[in-house]
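Biologist: I have a fold on my screen and some questions about it. Can you take me through them one by one?

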Amino acid sequence: KEQYGFKLFSFALMPNSLTLLMELKEGEKLSLVMHDLSSSYTKYYNNRYARRGHLFRERFKSVVVEKDPYLVNLVRYIHTSPVRLGLAKTPAEYSFTSNAAYLYDTTRTTTQDIAAIAPNLAIDLSSEVHEVMELAAKIFPDKKEYVELIASVTKEEMDGFAKSLTGKSILGSKKFIESIDEELKRREAEERAKEKKEKMSPL
């Protein structure tokens, strides 16, 4: 996070998956970020548990999502995943998510205190939490606290949200999808032009 400067709005480390809700800095490549993250975590895990080889079976899958209005529901979806999968009775019972960052006011709680409450939150997510809660206040004006916001989630609502994500590479309005398609085409054209130039350049 410090190296690449991305925002990390939410995460959940599950028995067979890792979900990250990220917003990259302009110009950064997700493939490079995920490669370094996977490599670093695999080395750490292998050293700790005296094992060798790959840790993740497949290449990561990504969905580009329109920030407003999906950000808040994505956070709720990720934090309630352990409950839907039967790993915990409440989101707070499952330690390996960023849920605790939303439960504790990181502007008033020291990093040491947060680390003692939830060791996986030694990372500072305070600016991301603030951004999500500001947006949540506009979408759900009757939910003043995060606890209310997460408690109002229904299984049916999140199952429906999961279906909207399944099999998609882009989630958003028609205008948003068109803008992403145009950006991808522009980048592909730039890459082709770069490759062509390199082939024509003398050694």
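The turns below go from the whole chain to single residues of this predicted model.

Biologist: What order of helices and strands does the protein follow along the sequence?

Modeller: This is a predicted model. The protein has 8 helices and 4 strands. Read along the sequence, the pattern is β-β-α-β-α-α-α-α-α-α-β-α.

Biologist: How much of the protein is buried?

Modeller: The accessible surface comes to about 14,200 Å², and 54% of that belongs to carbon and sulfur atoms. A residue counts as buried under 20% relative accessible area. Of the 203 residues, the buried share is 29%.

Biologist: Among contacts with a separation of 6 or more, what share joins residues 24 or more positions apart?

Modeller: Take one example of a distant pair. Thr19 and Ile78 are 59 residues apart along the chain, yet their C-alpha atoms are separated by 7.4 Å. For the contacts in question, the share is 63%.

Biologist: Which residues does Thr19 touch, leaving out those up to four places away in sequence?

Modeller: Thr19 lies in strand E2. Its relative accessibility is 32%, so Thr19 counts as partly exposed. With those sequence neighbours left out, Thr19 touches Ser10, Phe11, Ala12 and Ile78.

Biologist: Which residue in E2 stands opposite Lys7?

Modeller: E1 covers residues 7–14, and E2 covers residues 17–23. The two form a hairpin with 2 residues between them. They pair in the antiparallel sense over 7 bridges. Opposite Lys7 stands Glu23.

Biologist: Is strand E1 largely enclosed or open?

Modeller: Count the buried residues. In E1 they are 6 of 8, so the rest of the structure leaves this strand largely enclosed.

Biologist: How far apart are the end C-alpha atoms of H1, and what span should its residues give?

Modeller: H1 has 19 residues. The expected span is 1.5 Å times one less than the residue count. That gives 27 Å, and the end C-alpha atoms agree, at 27 Å.

Biologist: Which residues of H1 are buried?

Modeller: The cut-off is under 20% relative accessible area. Tyr41 of H1 misses that cut-off at 28%, so Tyr41 counts as partly exposed. The cover over the buried residues of H1 includes E2. Those buried in H1 are Val33, Met34, Thr42 and Asn46.

Biologist: Is the aromatic pair of Tyr41 and Phe56 stacked, edge-to-face or tilted?

Modeller: Ring centres must lie within 6.5 Å to pair, and these are 6.4 Å apart. Planes under 30 degrees apart would be stacked, and over 60 edge-to-face. Here the angle is 35°, so the pair is tilted.

Biologist: How many residues apart are Tyr41 and Phe56, and where do they sit?

Modeller: Tyr41 is in helix H1, residues 30–48. Phe56 is in the loop between H1 and strand E3, and is partly exposed at 36%. The pair links distant parts of the chain, 15 residues apart.

Biologist: Which residues do ring pairs link into a cluster with Tyr41 and Phe56?

Modeller: The protein's count comes to 8 aromatic pairs. Ring pairs join Tyr41 and Phe56 to Tyr44, Tyr45 and Tyr49.

Biologist: What is the phi of Ala50, and why does it deserve a look?

Modeller: Ala50 follows H1, in the loop between H1 and E3. At 75% relative accessibility, Ala50 counts as exposed. Most residues other than glycine have a negative phi, so a positive one deserves a look. Ala50 is not a glycine, yet its phi is positive, at about 50°.

Technical notes:
Residues are numbered from 1 along each chain as its sequence is written. This is a predicted model: local features need pLDDT of at least 70, side-chain atom pairs count only at pLDDT 80 or more; totals for chains, interfaces and linings use all residues. Side-chain values use heavy atoms; hydrogens and water are left out. Rings of Phe, Tyr and Trp (its six-membered ring) pair if their centres lie within 6.5 Å; planes under 30 degrees apart count as stacked, over 60 as edge-to-face and the rest as tilted. Buried means under 20% relative accessible area, exposed over 50%, partly exposed in between (1.4 Å probe, protein chains only). Two strands pair if DSSP finds at least two bridges between them. Contact means heavy atoms within 4.5 Å. Accessible areas come from the Shrake-Rupley method with a 1.4 Å probe; for residues, only the protein chains shown count as cover.
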